[in-house]
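Me: Got a new one open here. Walk me through it, please.

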Amino acid sequence: MIRKGGDFIYLGDVFLFINEHALSYATMIIRFLLPLLAVIVVARCVKSLFNEKSEAENWGYLSLPNGARIYLNHWENIIGRANTSDVYMEYPSISRNHAAVIRDDKGNWRAYDVESKAGVMVNGVQIESRDGVPIESGDIIELGGVQLVFFPIDKASEYKQAAERTRPGIIFKPRTTLIFLTEFQLLLGLQLCISKGENLTLELPLSFAVLIASMWLLYFVTRAMRRTAFEIETLAFFLCTIGLAVTASSEVSDVTRQIAFLLAGIVLFIITGLLLRDLNLAKKMRMPIAVGGLGLLAANLLFGVTIHGARRWIEIGGFSFQPSEFVKIAFVFVGAATMERMFARRNLLAFVAFSGVCVMVMALIVDFGSAMVFFTAYLIIAFLRSGDFATIFLSIGGAVSAGFMALRLWSHIAARFATWGRAWEFASGAGYQQTNAMGAVASGGLFGVGAGNGWFSSVFAADSDLVFAMVSEEMGFILR
């Protein structure tokens with residue numbers, strides 16, 4: 001200690017005073033830097049994705065009776081009289097969606113009858129099989145009396161087209177974007193460490209170190225696989241960073257489990273990417289994965305544990321997980337693998353049935369958030385392939401009816417809608433979470449109060465059901 005003017009000043013207190021002010025200044029600087037880095041990362045990824053324009057490709061052509069050519073610009077081409085058809089033909093004898101010609105990854109072509117009225121003939125033979133028939137250069141495809149001669153491109157043209165195709169990642173280099181994201185992750189991790197103070201444990205900095213290392217490792221793995229684009233993965237790691245920060249802010253002991261799931265997800269992502277390179281294998285896996293997904297949902301329905309009114313968890317040996325998270329991946333995989341033949345109504349109906357079962361089980365276990373995710377994914381996949389507005393509108397109508405039924409069966413859902421727009425009238429009851437969420441968003445302002453410094457994390461389910469408000473309070477309006 002030192003003596004000054006009769007008063008004793010302890011050097012430890014001075015250092016503590018200086019240290020606290022240094023940390024507060026560091027927090028303030030980080031609060032302003034985080035939104036800036038986040039905007040840079042997201043803007044670079046989005047602009048790069050939108051600037052990578054779809055280039056016109058020619059995989060063959062159909063020669064009309066008058067000698068005119070209709071070029072095939074896709075691997076999967078629907079031929080019909082509908083405006084949404086890939087090959088539009090204005091002949092009264094041709095159905096709206098009449099036929100399809102599809103190229104596989106080995107360059108082989110097949111013709112399909114899309115349940116047309118007049119049928120499809122190849123070299124004078126009617127197509128009877130749902131698997132279509134192979135077609136080669138010079139084959140005659142007859143649709144409703146209209147004869148088309150099929151010609152695929154030759155190997156030389158195919159190689160030339162591949163060489164001229166613009167490689168992704170030219171507008172913004174993925175590596176530079178990852179450097180900005182790494183800076184964001186380091187600053188966010190540092191801010192969380194500062195907020196924990198004396199309660200800081202090694203788990204927190206170690207988890208962010210593993211996150212950064214896994215991100216760069218995946219980048220170099222994809223480069224070794226001759227992939228140049230990394231925008232989608234960058235955005236995924238950005239969101240994972242936000243999720244890890246939310247977990248660390250509310251319950252730092254859970255960050256280890258969060259990182260474990262992240263690493264498992266990366267391994268699964270790499271394996272899935274390798275499997276999907278073989279399109280035939282992907283199609284063969286479609287049915288086993290669909291059955292496995294339905295099996296998980298059945299297990300959830302029969303053996304699920306009810307927590308806070310929702311029966312979405314399964315516990316095995318002290319370890320709990322949500323089967324719906326795995327079924328989401330299976331759902332998208334099955335939908336994508338089925339798109340090749342979803343133009344046929346029977347295949348579309350099969351996917352509708354699969355989707356309906358998934359959504360129904362989600363409703364029965366009171367997981368309406370996942371049900372909405374499944375339903376939205378179904379609408380996108382079904383419409384992208386079928387273009388059938390009638391099916392889409394019928395599905396939406398069914399979903400609206402199911403929604404009204406849910407309001408009558410589950411009173412707590414109706415109570416949430418009853419407080420919609422009037423949450424402050426029920427601030428101490430049904431509107432408690434809503435009013436606290438709005439207060440947290442308002443208190444966060446543009447730049448937030450700093451990761452780990454918010455009060456909203458103490459509100460029930462803040463880190464799961466109310467993440468938007470929690471991120472808004474701690475990281476600000478710009479970053480959310």
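Reply: First, a term: helices (H or I, at least four residues) and strands (E, at least two) are DSSP runs, numbered from the N terminus. This is a predicted model, where local features need pLDDT of at least 70, side-chain atom pairs count only at pLDDT 80 or more, and totals for chains, interfaces and linings use all residues. Residues are numbered from 1 along each chain as its sequence is written, and side-chain values use heavy atoms, with hydrogens and water left out.

Me: OK, which helix is Gly273 in?

Reply: Gly273 belongs to helix α6, residues 255-275.

Me: How far is Gly273 from Thr222 in space?

Reply: 10.0 Å, C-alpha to C-alpha, with their positions 51 residues apart in sequence.

Me: And why does Gly273 count as partly exposed?

Reply: Because its relative accessibility is 30%; buried is under 20%, exposed over 50%, partly exposed in between (1.4 Å probe, protein chains only).

Me: Switching to salt bridges: how many are there?

Reply: One, between Glu233 and Arg227, with the closest N and O atoms 2.7 Å apart. The cut-off is a Lys or Arg side-chain nitrogen within 4 Å of an Asp or Glu carboxyl oxygen.

Me: Is Glu233 buried or exposed?

Reply: Buried, at 7% relative accessibility, while Arg227 is partly exposed at 29%.

Me: Now the sheet: what's the strand order?

Reply: β6-β5-β7-β8-β11, five strands in an open sheet with mixed pairing. The edges are β6 (87-88) and β11 (133-135), each pairing on one side only. Pairing takes at least two DSSP bridges between strands.

Me: How do β5 and β6 run?

Reply: Parallel, with two bridges joining β5 (residues 76-80) to β6. Ile79 sits opposite Val87 of β6.
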